[in-house]
Amino acid sequence: KYHGTISCFRYNYIDKIKHIYFSSSPSYFPINAGDVGLKGFDSKFFYKTNSNKILISQSFAYYIFDDPNAFPFQPEKIIRNKIQLNTKLFNMDLIYKIEGKRQITTMNSDLTIIQNYVKPINNFDINLHRDFSTNRFQGSISLSGRNLKNISQELNGVSIYDRRIILHIMIGYR
């Protein structure tokens, strides 16, 4: 069982707001970047075994910006490979991502505007999750590890891409 999609897009923004970050701080202020466009394509391909125990997917996206400064932290390209294993106890996602360089505009203490570039990154994530349902309750629990290769990135003294462990519990009552 396999399938794939490829789509092209073009978005035109009128009076796009972009953020200028203060150096060495997560604080920012908005300014009008004017009329800008974003175009590109997305592709996704899936393969699923007949038993539905394993799903393999790959997605590739490529973006072309009229003004890259108007889209901070948006990489030019993103490649995402995922293997999903479905078992009786839990589901596990193994994810390998590659993201192209990103840029962001900052202002330092003497009010000089600086165009900063963040290097391309490749990384590995894992997600364990399980959905459950009883007579009155339903929900999900997940444990995720992000940036497991521990490739940390800093921009003007502010860490922007650290290793993270996330526990997410959601419970609903019917």
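**View 1. Four strands contribute to the lining of the largest pocket.** In this predicted model, strands β2, β3, β4 (77-86) and β5 (91-99) each put at least two residues into that lining. The lining is made up of D42, S43, K44, S59, F60, A61, I78, R80, K97 and E99. Sort those by class and you get five charged, three nonpolar and two polar residues. How much space lies in the largest pocket? About 170 Å³.

**View 2. Strands β2 and β3 pair up and turn back on each other.** Strand β3 covers residues 54-65, and eleven bridges join β2 to β3 in an antiparallel arrangement. Look for D42 here: its bridge partner in β3 is A61. Both D42 and A61 also turn up in the lining of the largest pocket, so to speak of one is to come back to View 1. The two strands make a hairpin with five residues between them. In that turn, N52 has a positive phi of about 60°.

**View 3. Strands β1 and β2 make another antiparallel hairpin.** Here β1 (residues 2-22) pairs with β2 (residues 28-48) over 18 bridges. For a landmark, find H19, whose bridge partner in β2 is P30. Five residues sit between β1 and β2 in this hairpin. S24 is the one to check in the turn, with a positive phi of about 60°.

**View 4. A salt bridge ties a loop to strand β1.** The structure has two salt bridges. In one of them, the side chains of D66 and R10 meet at 4.0 Å, N to O. Where do the partners D66 and R10 sit in the chain? D66 is in the loop between β3 and β4, while R10 belongs to strand β1. They are 56 residues apart, and the pair links distant parts of the chain.

**View 5. Strands β6 and β7 form a hairpin as well.** Strand β6 spans residues 102-107 and strand β7 spans residues 113-118, with six bridges joining them in the antiparallel sense. R102 stands opposite V118 in β7. Again there are five residues between the strands, and L111 takes a positive phi near 70° in this hairpin.

**View 6. A nonpolar patch lies on the surface.** Its members are L89, F90, L128, F137, I141, L143, I165, L167, I169, I171 and Y173. Taken together, they have about 1,100 Å² of accessible area. Strands β9 (137-146) and β12 (164-173) each supply at least two residues of the patch. Which strand gives the largest share? That's β12, with five residues. I171 is a handy one to pick out, as a patch member placed in strand β12.

Definitions and conventions. Residues are numbered from 1 along each chain as its sequence is written. This is a predicted model: local features need pLDDT of at least 70, side-chain atom pairs count only at pLDDT 80 or more; totals for chains, interfaces and linings use all residues. Side-chain values use heavy atoms; hydrogens and water are left out. Two strands pair if DSSP finds at least two bridges between them. On a 1 Å grid over the protein atoms alone, a cavity is a set of points where a 1.4 Å probe fits but cannot get out, and a pocket is an open set with protein on both sides within 12 Å along at least five of seven lines; lining residues have an atom within 4 Å of a point. Grid points are joined across faces, edges and corners, and a volume is the space filled by probe spheres set on the points. Ala, Val, Leu, Ile, Met, Phe, Trp, Tyr, Cys and Pro count as nonpolar, Asp, Glu, Lys and Arg as charged, and the others, Gly among them, as polar. Patches are made of residues with over 30% relative accessible area and no salt bridge: like charges are joined within 9 Å, nonpolar side chains (Val, Leu, Ile, Met, Phe, Trp, Tyr) within 5 Å. Accessible areas come from the Shrake-Rupley method with a 1.4 Å probe; for residues, only the protein chains shown count as cover.
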